[in-house]
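Good morning, and thank you for joining this meeting. Please take a look at the model on the screen before I begin.

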Amino acid sequence: NFNYVTTINTKDEIGQFQDVYNITIQKIQQLISDIIEEQKALRRAELEITIAQINPHFLYNTLNTINSLAVMGKTAEVSETIKALGDFYKSSLNNGEDLITLEKELDSIRSYIYIQQLRYEGLFRMEYDVSSEALGVHVPKMILQPLVENSIYHGIRTGAEEDGLIRIRAWVEEGALRIEVTDNGAGMSRERLEEVLKGKSIGIGATMRRIAIVCGE
């Protein structure tokens, strides 16, 4: 608690000590402020890098899907896909803000899912179980997309025997927002689970780090 001292009004050694002390406190406060700003800039850069890693390959695959639909003459689907793609990116930008309501995050996911269900027709279906209380809670943007992407690519595509299912649940419990993304796909080994929980994976690990950056551990 670095407070200035202003109670001494003498010109002797004690008064000089007060002046030096106050100058030192000022410098310490400035250093702390500089460090905080540097850390904010670093963390924002980490967020931007993570988001940049998420988007390009999805964009590439979506453009291929749009091209295929255009070749087949499915103009209505082309229009809907382009709209979904625009909505998804608009949500991911969010005017440069890090936080977004869960309701808007779910809108973004629905756009993402629309595109993926076009690409993998009949591969999986979605279920949502979200409480009304949870919808207004603010979360770091783009936290659901990597989880759903993992469910599709590493769960459903490699392990669903018949009817692929991805379920998103969200509710408020003891003052905290709880979110579950589950699928009936391949699952993972205990060793892989431990790696994921330690943040040693691209999608889930990056999401865990982003939540820690924005919301704390």
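I shall speak about salt bridges and then about one pocket.

This is a predicted model, in which local features need pLDDT of at least 70 and side-chain atom pairs count only at pLDDT 80 or more, while totals for chains, interfaces and linings use all residues. Residues are numbered from 1 along each chain as its sequence is written, and side-chain values use heavy atoms, with hydrogens and water left out.

A salt bridge here is a side-chain nitrogen of Lys or Arg within 4 Å of a carboxyl oxygen of Asp or Glu. By this rule there are nine salt bridges.

Which residues join Arg125 in a network of salt bridges? They are Glu127, Asp163 and Arg167. The closest N and O atoms are 3.0 Å apart for Arg125 and Glu127, and 2.6 Å apart for Asp163 and Arg125. Asp163 lies in the loop between α5 (144-159) and β4 (164-173), and Arg125 in strand β2 (residues 124-130), so this pair ties together parts 38 residues apart in sequence. Helices (H or I, at least four residues) and strands (E, at least two) are DSSP runs, numbered from the N terminus.

In helix α1, Lys40 forms a salt bridge with Glu37, with the closest N and O atoms 3.9 Å apart. These two residues are three apart and thus separated by about one helical turn.

Turning to the pocket, α3 gives the largest share of the lining of the second largest pocket, namely four residues. A pocket is an open set of points on a 1 Å grid over the protein atoms alone, where a 1.4 Å probe fits, with protein on both sides within 12 Å along at least five of seven lines; lining residues have an atom within 4 Å of a point.
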